[in-house]
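Hi,

Here is the structure I promised to pass on to you. Please have a look at it first, and then read on for what turned up in it.

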Amino acid sequence: MQAADLEKPAIAGGTPIRTTPFVPPNRYGPDELREVQSALEQGTLFYAQGKKVKQFEAEFAAQLGFSHGVATSSGTAGIHAALISAGISPGDEVIVPPITDMGSIVPILYQGAIPVFADLDLKSGTLLPESVEKNLTTKTRAIIAVQLAGNACDMDALTAIAAKKQLTLIEDCAQAHGTKYHGKAVGHFGACGCYSFNEFKHVSCGDGGIVVTNNAEFARRLRLATDKAYSREPGVSRSPEFLANNYRMTELQGAVALAQTRKINNIVARHHAWCSQLTQRLQECRGLSLPTPTPGCEHSYWFYLMRVLPELGADASEFAAALKAEGLPASAHYIAKPIYEYPLFLNHSAFAHAAHPFIERKYYTGLCPNAEEILRTCVNLQIHQAYGPEELDTFVRAITRVVNWFNQKR
């Protein structure tokens, strides 16, 4: 093998730096099995009669420093329960970012409310406070702050806006297990924090979620909002006081989530340390904008999101393809286009017939220029806690090789 072949990237005919896929280890094992067996031995899988969901709620909340935790069937259900608890109603406006999962948006529409998309900070990828303020109207009732990829929003600015305008601030922490802002877990800065336990997050129970809060009345409404507004208090008859769905977590989910909760700190510490080292070692790569934590944020890196700059001499698709050819788990553009460019919004087609209040709002390309630029230029790398020094060296070699090649081609 010639030395020159080693420097030529795989996409140009060189030898790939890695030829075997990065396969994450099974995240479930004896701990989860033990908790599941214990759940089955209870003789019930219903949360109100079993112990696992209650244990999960208590341990997760305590670990993050919250007084209350309410488990849900998914992270999406958690967002919906939070909106119900906040009293969001038809015709209300809720400010959200356009780069997120539909799980952040669907609950707004189901409440009959109107999603209003605010632009993002180009470096952090999180809500731009100036854009949030610009989009406030007399109908605004809430802000959903999405802590994208484990990076916190500027919560100081957002809490100030929410307090000034008397808005409910809900933190979508689905991608932010272990993320801290000024030393406190995200979720502490709004009315609540909504976490996800779906299969692809830092920790998982297949599908599931939890909402944490320090407000006892908000927690009471959350519990009702996840259980058809039924009270499970002894001696209290069913007498729903508002519209709510069935978003209950089962004891089997709770058992797995409980075991996974006890692993969060270790998993997040590994993500943070590994990705911080990656950033440090890529500093000299000309043409890349590396992940930039929001000031005051301890990033938990659900994935590693970077952007290509014009001086690289390649667009995001070309760069991602070159990294994949080297054997890295890379992809371009994340969700491909901002949420407001989905047909659902362009055509106002939420339902087969009859108008929804969001028909009043116009959604169009160009609505959030920074968000569109982020998606046009971003490349993300899949990360998992088993990565160590060998994987770090592989990533650095592959990225550096590809960057140097594109730079030399210019």
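Let me start with R361 and E93, whose side chains meet in a salt bridge with an N to O distance of 3.8 Å. This is a predicted model, so please read everything below as computed from it. The pair ties together distant parts of the chain, 268 residues apart: R361 sits in the loop between helix 12 (343–346) and helix 13 (369–377), while E93 belongs to strand 2 (residues 93–96). The two partners differ in their surroundings. R361 has 23% relative accessibility and therefore counts as partly exposed, whereas E93, at 6%, counts as buried.

A salt bridge also forms between E360 and K139, at 3.0 Å from N to O. This pair, too, links distant parts of the chain, 221 residues apart, with E360 in the loop between helix 12 and helix 13 and K139 in the loop between helix 6 (129–134) and strand 4 (140–146). E360 is exposed, because its relative accessible area is 54%. K139 is at 34% and so counts as partly exposed.

R232 and D227 make a salt bridge as well, and their closest N and O atoms are 2.7 Å apart. Here R232 is partly exposed at 33% relative accessibility, while D227 is buried with a relative accessible area of 0%. Elsewhere, D31, E32, R34 and K263 are joined into one network by salt bridges that share partners. The structure holds 18 salt bridges in total.

Now to the pockets, which may be of interest to you. The largest pocket has a volume of about 900 Å³. It is lined by 40 residues, and those closest to its centre are N198, E199, F200, K201 and W302. Helix 4 (75–85) and strand 14 (378–382) are the elements that give two or more residues to this lining. By type, the lining of the largest pocket divides into 16 nonpolar, 18 polar and six charged residues.

The second largest pocket has a volume of about 340 Å³. Its lining has 17 residues, of which R223, L224, S231, R232 and E233 are the closest to the centre. R232 is the residue that forms the salt bridge with D227. Helix 8 (residues 216–225) gives the most to the lining of the second largest pocket, namely four residues. That lining is made up of eight nonpolar, three polar and six charged residues.

There are closed spaces too: the structure holds three cavities of 30 Å³ or more. The largest cavity contains about 160 Å³ of space. Among the 17 residues that line the largest cavity, K123, S124, G125, P291 and L305 are the closest to its centre. Strand 12 (residues 303–308) gives the most to this lining, with three residues. Nine of the lining residues of the largest cavity are nonpolar, six are polar and two are charged.

On to the strands, and strand 5 in particular. Is strand 5 (residues 168–172) enclosed by the rest of the structure, or open? Five of its five residues are buried, so strand 5 is largely enclosed. T168, I170 and D172 point one way from the strand, L169 and E171 point the other way, and all are buried. In a regular strand, side chains alternate between the two faces of the sheet.

Strand 5 has parallel partners. Five bridges join strand 4 to strand 5 in parallel, with A142 standing opposite T168. Together with helix 7 (residues 155–165), strand 4 and strand 5 make a right-handed β-α-β unit. Strand 5 also pairs in the parallel sense with strand 8 (residues 192–196), over three bridges. There, D172 of strand 5 has C194 as its bridge partner in strand 8.

Finally, an open sheet of three strands has the order 7-6-11, with antiparallel pairing. Strand 7 (184–185) and strand 11 (297–298) are its edge strands, each pairing on one side only. Strand 6 (residues 180–181) is joined to strand 11 by two bridges, and the two run antiparallel. K180 has E298 in strand 11 as its bridge partner.

Happy to talk any of this through.

Best wishes

Methods. Residues numbered from 1 in each chain as written. Predicted model: local features only at pLDDT ≥ 70, side-chain atom pairs only at ≥ 80, totals over all residues. Heavy atoms only, no water. 1 Å grid on protein atoms, 1.4 Å probe; cavity = no way out; pocket = protein on both sides within 12 Å on 5 of 7 lines; lining within 4 Å. Points joined across faces, edges and corners; volume = space filled by probe spheres on them. Nonpolar A, V, L, I, M, F, W, Y, C, P; charged D, E, K, R; others polar. Salt bridge = Lys/Arg side-chain N within 4 Å of Asp/Glu carboxyl O. Buried < 20%, exposed > 50% of the residue type's maximum accessible area, 1.4 Å probe, protein only. Pairing = 2+ DSSP bridges. Right-handed = clockwise from strand over helix to strand, strands pointing away.
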